[in-house]
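Q: I have a model open and would like to take a close look at one part of it. Could you walk me through that part and then show me how the rest is arranged around it?

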Amino acid sequence: MTYRDLKIKVHSVVYGHGEEQSAAATLYHRVFFCLVVAHITATIISTFEGLPHAVHNIIHVIEVAAVLTFTLEYILCFWTAPLAYPAVSPAKARLRYFFSFIAIVDLIAVLPFYLPVFFPLKLGVLHAMHLLRVFSILMLGRYSAALQTVGSALRRKLPQLVAFSLVASVLLIVTSVLMYDIEYTAQPLAFKNALAGFWWAVGVVTGTSYGSIYPITAAGLFLEGVTAFFGVGFIAVLSAIITTGFVEEAFEPKLQKAPAAELEAFFALYEKGAITKEEYEEKKRRLLAG
């Protein structure tokens, strides 16, 4: 096996996904998936106090195994990045991988393990760095078809989501400032600044307000009713945008495959003599024309 053959083989295992992935890639991804879950579970359990010494040892073993595996995969992905980005030079391909979202997630997952080895950190900083290990849960996205569908659906509707976020932000800012101006005189301790009004607006729009801060004037109550009304509409619009993304992501591959399957069926009829060549060519022309 040549160097390039080995590189292609490693790339197919590490990057393989969907129907095209080999048995080795499937096994690798399943093992990696289980290791990520074990690492996250160990991270959560490590926050409990009074754990037996044996449990601490098990957690340490899981952490070392996970970090070494994550590091190895990071190196392999960096090495085979030119095969993942063939349109650019090897240096640019590796640079593109280095700044990709999944590479940053991998780096965040392993840094808490390596940084204390090379740099002395205070106890509080070290504890915070260890809690960053929970970000390894984002690694599950690349090995779960369902999570990949979620990501694809959100990317598909990104312009609409950005537009929705801008409009929602304007609503929150305007209502928070208005509520502050209306209620400050009546209850200066509750609405001491515009940020307090913003906290109130977020609670009303999302329906998660627990009554910790609320208006008491007639104008404030009226504004709260109007804000709640628009909040229901915004939640409905957000749900519609995301749902549409999921529907399009689920059905578009089937719609793309449908003409090809229908064309194969007509070709089979043509080979059997059930339809003439002219009929087959006409069906083919119509299908390709959409």
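Is Ile-102 buried, partly exposed or exposed, and what is its relative accessible area?

A: Happy to take a look with you. Please keep in mind that this is a predicted model. Ile-102 is partly exposed, and its relative accessible area is 23%. Since buried means under 20% relative accessible area and exposed means over 50%, a value of 23% puts Ile-102 in the class between them.

Now for its place in the chain. Ile-102 is found in helix H6, a helix that covers residues 101-118. Looking across to another part of the sequence, you can pair Ile-102 with Tyr-74: 28 residues separate the two in sequence, and their C-alpha atoms are 9.6 Å apart in space. Tyr-74 falls within the residue range of helix H3, 53-79.

Stay in H6 for a moment, as Phe-113 also lies there. Phe-113 has 25% relative accessibility and so counts as partly exposed. Apart from residues up to four places away in sequence, Phe-113 touches Glu-63, Val-64 and Val-67. For Phe-113 and Val-67, the separation is 46 residues in sequence and 7.3 Å in space, C-alpha to C-alpha. Val-67 turns up again in a core of nine residues, which also includes Val-36, Ile-40 and Ala-109. This core is a second one, separate from the largest nonpolar core.

From here we can follow H3 to its packing against H1. The axes of H1 and H3 (residues 53-79) are 10 Å apart, and the angle between the helices is about 125 degrees. H1 and H3 are therefore oblique to each other, and their crossing is left-handed. On the H1 side, the contact is made by Tyr-3, Leu-6, Lys-7, Val-10, Val-14 and Tyr-15, while H3 brings Glu-73, Leu-76, Cys-77 and Trp-79. By type, the residues of this contact of H1 with H3 are eight nonpolar, no polar and two charged.

H1 (residues 3-15) has another partner in H2 (residues 23-45): here the axes come within 7 Å and cross at roughly 50 degrees. That makes H1 oblique to H2. The crossing of H1 and H2 is right-handed, whereas that of H1 and H3 is left-handed. In this contact, Ser-12, Val-13 and Val-14 of H1 meet Ala-24, Ala-25, Tyr-28 and His-29 of H2. Five nonpolar, two polar and no charged residues make up the contact of H1 with H2. Val-14 is worth selecting in your viewer, as it takes part in the contact with H2 and in the contact with H3.

Next, let's move along the chain to the largest nonpolar core. It has 16 residues, and those with the most contacts inside it are Phe-164, Met-179, Phe-191, Trp-200, Ile-213 and Phe-234. Helices H9 (158-183), H10 (194-206) and H11 (218-272) are the elements that give two or more residues to this core. H9 gives the most, with six residues. As a general point, nonpolar side chains tend to be buried together in soluble globular proteins. Within this core, Ile-213 is a good residue to center on: leaving aside neighbours within four places in sequence, Ile-213 is in contact with Ala-190, Phe-191, Ala-196, Trp-199 and Trp-200.

Phe-191 also leads us to Tyr-180, since Tyr-180 is in contact with Phe-191, Lys-192, Asn-193 and Ala-194, again leaving aside neighbours within four places in sequence. Tyr-180 has its place in H9 and, at 23% relative accessibility, counts as partly exposed. Between Tyr-180 and Ala-194, 14 residues apart along the chain, the C-alpha separation is 5.6 Å.

One more residue belongs on this tour. Lys-157 lies in the loop between H8 (145-156) and H9. Lys-157 is buried, with a relative accessible area of 10%. Its contacts, not counting residues up to four places away in sequence, are with Ile-241, Thr-244, Gly-245 and Glu-248.

Finally, here is the whole protein. It has twelve helices and zero strands. Of its 290 residues, 28% count as buried. Among contacts between residues at least 6 apart in sequence, 63% join residues at least 24 apart. The pair we began with, Ile-102 and Tyr-74, is 28 residues apart in sequence.

How values were computed:
Residues numbered from 1 in each chain as written. Predicted model: local features only at pLDDT ≥ 70, side-chain atom pairs only at ≥ 80, totals over all residues. Heavy atoms only, no water. Axes fitted to C-alpha atoms, helices over the stretch in contact; angles between N-to-C directions. Helix = DSSP H or I, 4+ residues; strand = E, 2+ residues; numbered from the N terminus. Parallel < 35°, antiparallel > 145°, perpendicular 65-115°, else oblique. Left-handed = near helix turned anticlockwise from the far one by under 90°. Contact = heavy atoms within 4.5 Å. Nonpolar A, V, L, I, M, F, W, Y, C, P; charged D, E, K, R; others polar. Core = buried A, V, L, I, M, F, W, Y, C linked by side-chain atoms within 4.5 Å. Buried < 20%, exposed > 50% of the residue type's maximum accessible area, 1.4 Å probe, protein only.
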